Amino acid sequence: MSVHVDAELNAIAERFNSPDAAVRRVAVRQLVDSQEPEAVELLIQALHDEDNSVRREAALLMNEFDAADIASVLLESLTSADENVRSAAAHALADLKDSAAAPALLAALDTDDTFVLASVLSALKNFRSSQSLPHALRLLQHSNAVVRREAIAVLGYLRNPAALNDLQTRALHDDSAEVRQAAISALAFASADSVVDTLIQTLNDPHWQVRAETAIVIGRSKIAHAIPALITTTRDERWQVREKAVEALGKLHAIAAIPAIGACAVSDISNLRKTSIAALGEIAHRDALPHITHALDDRDPDVRKIARWALQQIR
């Protein structure tokens, strides 16, 4: 380490001895400019500061360093009695980019602390490590819904067919709507034939956000066998679900859905009208002309603009 760097770090270290927490917070920020091992040691020291705001600042900045022990320090901070420090450490873990941290994260899954489990899983998904597969599958059975949701996110990133049955079970039967929605989103990597029956069932889920997510995945995965079920969903009680069903039908170029989409194109809700006309433009079939022509006089200028575009698509 050069004399200049040494002097700079010594000056920062002196600020950590200040009785003023604001000065110590500034010292934490100044450490980011140095990637020396000594700077990491000072940052670790700041994680044990008596002031909550200093500890929080240190946890937020941990991911700026490449030191091998960063993950271990952040994992320790997840168990802090201070909620702000725990939250900052969780966010810093989620931002870790160095896969060398994966072994420490996997080891940390051997705990009963639900906050730690959820935070570690959230960080693991970025690494797409095959070693996390058995851990994520095991934690799908956890009693805490947030842990199950984060385990599903890991499996979705891994895109491993071995998880497909478990994901479909969660999509259909988990008692948390949030977990069911996450499982459906994770199914987007699967082949259409392997998930079509499950997705047709979840179009009837009691929670509207689950139904909407299902329509999104069907459209994204181009599952043509689900077109009849999507047409039925264009009459869902929630306009947000109808909108996603219409959007999916447009992606599928579903000519048979034109009358159902046309019915949505005269909704009182402008967002649904815009999506419906856009979907008709994607289908680009002459049967859609009456609905598109009608939208040329819509009271919403955005709908009129999309209608002109849709007309060009057909012409």
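# A guided tour of an all-helical predicted model

Select Asp236 and Arg211 to begin: both residues are buried, where buried means under 20% relative accessible area, exposed over 50% and partly exposed in between (1.4 Å probe, protein chains only). The model is a predicted one, in which local features need pLDDT of at least 70 and side-chain atom pairs count only at pLDDT 80 or more, while totals for chains, interfaces and linings use all residues. Residues are numbered from 1 along each chain as its sequence is written, and side-chain values use heavy atoms, with hydrogens and water left out.

**First stop: salt bridges**

Display the side chains of Asp236 and Arg211, which meet in a salt bridge at 2.7 Å, N to O. This pair links distant parts of the chain, 25 residues apart: Asp236 is in the loop between helix H15 (227-233) and helix H16 (239-251), and Arg211 is in helix H14 (residues 208-221). The term salt bridge denotes a side-chain nitrogen of Lys or Arg within 4 Å of a carboxyl oxygen of Asp or Glu. Helices (H or I, at least four residues) and strands (E, at least two) are DSSP runs, numbered from the N terminus.

Select Asp174 and Arg170 next; their side chains form a salt bridge of 2.7 Å, N to O, and both residues are buried.

Then move to Asp298 and Arg273, whose side chains also meet in a salt bridge (2.7 Å, N to O). Here Asp298 belongs to the loop between helix H19 (289-295) and helix H20 (301-314), Arg273 to helix H18 (residues 270-283), and the pair links distant parts of the chain, 25 residues apart. Asp298 is buried, with a relative accessible area of 11%, and Arg273 is buried at 3%. Now select Lys125, Arg149, Glu150 and Glu178, which are joined into one network by salt bridges that share partners. Over the whole structure, the search finds 15 salt bridges.

**Second stop: a pocket**

Select Ile152, Ala153, Gly156, Tyr157, Arg159, Ala182, Ser185, Ala186, Ala188, Phe189 and Arg220, the lining of the second largest pocket. Seven of the lining residues are nonpolar, two polar and two charged. Helix H10 (145-158) and helix H12 (177-186) each supply at least two lining residues, and H10 gives the most, with four.

**Third stop: a covered helix and an exposed loop residue**

Select helix H5 (residues 70-77), which is mostly covered, with six of its eight residues buried. These are Ile70, Ala71, Val73, Leu74, Leu75 and Ser77.

For contrast, select Lys97 in the loop between helix H6 (83-94) and helix H7 (102-108). Lys97 is exposed, with a relative accessible area of 69%. Add Phe127, 30 residues from Lys97 along the chain; the two C-alpha atoms are separated by 7.5 Å.

**Last stop: the whole chain**

Zoom out to the full chain, which comprises 20 helices and zero strands. Its radius of gyration is 26 Å, well over the 20 Å that the globule rule gives for 315 residues, so the chain is more spread out than a compact globule. That radius is taken over C-alpha atoms, and the globule rule is 2.2 Å times the number of residues to the power 0.38. The C-alpha trace spans about 75 × 45 × 30 Å along its principal axes. Buried residues make up 50% of the 315 residues.

**Terms for the pocket stop**

On a 1 Å grid over the protein atoms alone, a cavity is a set of points where a 1.4 Å probe fits but cannot get out, and a pocket is an open set with protein on both sides within 12 Å along at least five of seven lines; lining residues have an atom within 4 Å of a point. Ala, Val, Leu, Ile, Met, Phe, Trp, Tyr, Cys and Pro count as nonpolar, Asp, Glu, Lys and Arg as charged, and the others, Gly among them, as polar.
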